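Biologist: I'd love a close look at a single part, please: which classes of residue make up the lining of the largest pocket? After that, do walk me through the rest of the chain.

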Amino acid sequence: MTSTDDQAPPFISRVRVQGFRSLAECDVRLGPLTVLAGFNASGKSNFLDAIRFVRDALAYSPAHAIAERGGLESVLRRVGTAGESGGKEIADSFLIALELALRPDGGRATYEVCIGRDPTDEFTHLVLRESCSLRLPGEDASFSTDLSSKRKRDVKGGIPGARLHPKELLLPVVGRLAPYDELLRALLAMRFYELETDVLRGLDDTRLRRTQLGERGEHLGQVLGLLAAQHPSFKESLDGFMRWLIPSLLGVDQRLQGDYATIQARFWTGDPVLPFWNAVNSNAVHSGDPYVEVFQSEQLSEGTVRGTGVLAALFQPDALTGAIPLVAIEEPEIAIHPARVAGLFDAIKETSIRTQVIVTTQSSDLLDTEEVHPSLLRIVEMVDGVTRIGELSDHTQRNLLKTPSHLADMHRQGHLRPAASVDGGQGPQQ
């Protein structure tokens, strides 16, 4: 089993959330690689969306981030028991707090934001509190803002005398200046992937040069072309993982159609197994080589397209260089044959050496490899409408280290539970 002890510190090491959707209260520590494992509708996506909310609110505005999620009442947690109307009361505010590592040399930061409803209904929301602290080698900086009883933002630190609207954040303002600019750039660079097959297959205008994979799978062809031109060894690694996932596949490439890019794939059409690997080892895997046939995007299976998208998210150039500090992927195993899903984990683990990776999964098959160290797991479960997230108990981890083959079966049977509930009580010990 592989842990992450020899890897660089994760970009986000801790996430605290209160009152956000199904997350009444959680405090989750993250590593360079974290697997959020839980069954459908347990709240895995809500946890990732809390982190993404911070990115979106900073990139656009809190109002935009809230509107994109259906309005404040869709974001605030529903609490209590159903009344006569069958509904539940809605919390007044939510809080998201992040602890971060900005540099390998020990730079640290914290960022916290609390947003709530406006009792007067004059505004769609109010920023009740925002705080930031940076501890960089040779330089410290911090600010905090609180909403006063007179609906004014009292600012301490940051820009002296700054005046803020009750709906707006301060970090995008002070983020134009050092040292806050480093934190703002890093938070804005996080990427969260919910891949869609039709988008991955789509045509992309190459007159607009794209170096990153879009969060639904936009620009896949351009990313593959850029990898082949500038990072051929990583393009070969991507193709190597695809050969494991999809039998007889040789590689997936950019296909140019005028000013547009899409994807195509090379398949082996000769005798299977040994001749296939002889061709791979001799690099006779390109269009024009014997028994190599090219298939266009609309001819490719969903598993081929989605597998390519997942690997492109992991191996895209900006993830290789660290320009993307966090790559989060929702259910990378979708449409991959169950017998092959565990092969994805090797690619996920390889990427986590260069940038932090978080994946969600409800698949026991993704966990069916001894490469999944139990310390990488954060178990997610829904109990009475509340999402609970936690590590496995020490007892469970010790047992799984002795018998790693039991991990996938325990997940299938629902025997993996978070060690502690949100109220501090201990969960079931396995």
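Modeller: Happy to. By class, 13 charged, 4 nonpolar and 1 polar residues make up the lining of the largest pocket. Here Asp, Glu, Lys and Arg count as charged, Ala, Val, Leu, Ile, Met, Phe, Trp, Tyr, Cys and Pro as nonpolar, and the others, Gly among them, as polar.

Two notes on the basis. This is a predicted model, in which local features need pLDDT of at least 70 and side-chain atom pairs count only at pLDDT 80 or more, while totals for chains, interfaces and linings use all residues. Residues are numbered from 1 along each chain as its sequence is written, and side-chain values use heavy atoms, with hydrogens and water left out.

Back to the pocket. The largest pocket holds about 530 Å³ of space. Arg52, Arg55, Asp56, Glu68 and Glu215 are the closest to its centre among the 18 residues that line it. Three elements each give two or more residues to this lining: α1 (44-59), α2 (62-68) and β11 (191-193). With 5 residues, α1 gives the most. A word on terms: a pocket is an open set of points on a 1 Å grid over the protein atoms alone, where a 1.4 Å probe fits, with protein on both sides within 12 Å along at least five of seven lines, and lining residues have an atom within 4 Å of a point. Points are joined across faces, edges and corners, and the volume is the space filled by probe spheres set on them. Helices (H or I, at least four residues) and strands (E, at least two) are DSSP runs numbered from the N terminus.

The second largest pocket makes a useful companion, at about 420 Å³. Its lining has 20 residues, and Pro9, Phe11, Ala101, Leu102 and Pro325 are the closest to its centre. By class, this second lining has 12 nonpolar, 5 polar and 3 charged residues.

Now to the chain that holds these pockets. The chain has 14 helices and 19 strands, and its C-alpha trace spans about 75 × 55 × 50 Å along the principal axes. Its radius of gyration is 23 Å, which agrees with the value near 22 Å for a compact globule of 430 residues; that radius is taken over C-alpha atoms, and the globule rule is 2.2 Å times the number of residues to the power 0.38. Of the residues in the chain, 52% count as buried, where buried means under 20% relative accessible area, exposed over 50%, and partly exposed in between (1.4 Å probe, protein chains only). The chain exposes about 18,900 Å², with 48% of it supplied by carbon and sulfur atoms; the areas come from the Shrake-Rupley method with a 1.4 Å probe. Among contacts (heavy atoms within 4.5 Å) between residues at least 6 apart in sequence, 61% join residues at least 24 apart.

Two strand residues show such links in detail. Phe94 is in strand β6 (residues 93-101) and counts as buried because its relative accessibility is 1%. Beyond its neighbours within four places in sequence, Phe94 is in contact with residues including Phe20, Phe53, Leu72, Val75 and Ile115. Arg14 sits in strand β1 (residues 12-20). Its C-alpha atom is 5.1 Å from that of Glu99, 85 residues away along the chain, and its contacts beyond four places in sequence are Asp27, Val28, Arg29, Ala97, Leu98 and Glu99.

The loops have some backbone details to check. Most residues other than glycine have a negative phi, and most peptide bonds are trans. Asp121, in the loop between β7 (108-116) and β8 (126-136), has a positive phi of about 65°, and with a relative accessible area of 66% it is exposed. Asp384 has a positive phi near 55°; it lies in the loop between β18 (377-383) and β19 (386-390) and counts as exposed at 73% relative accessibility. The peptide bond from Ala178 to Pro179 is cis, with omega near 0°, and Pro179 is in the loop between α4 (171-174) and α5 (180-188).
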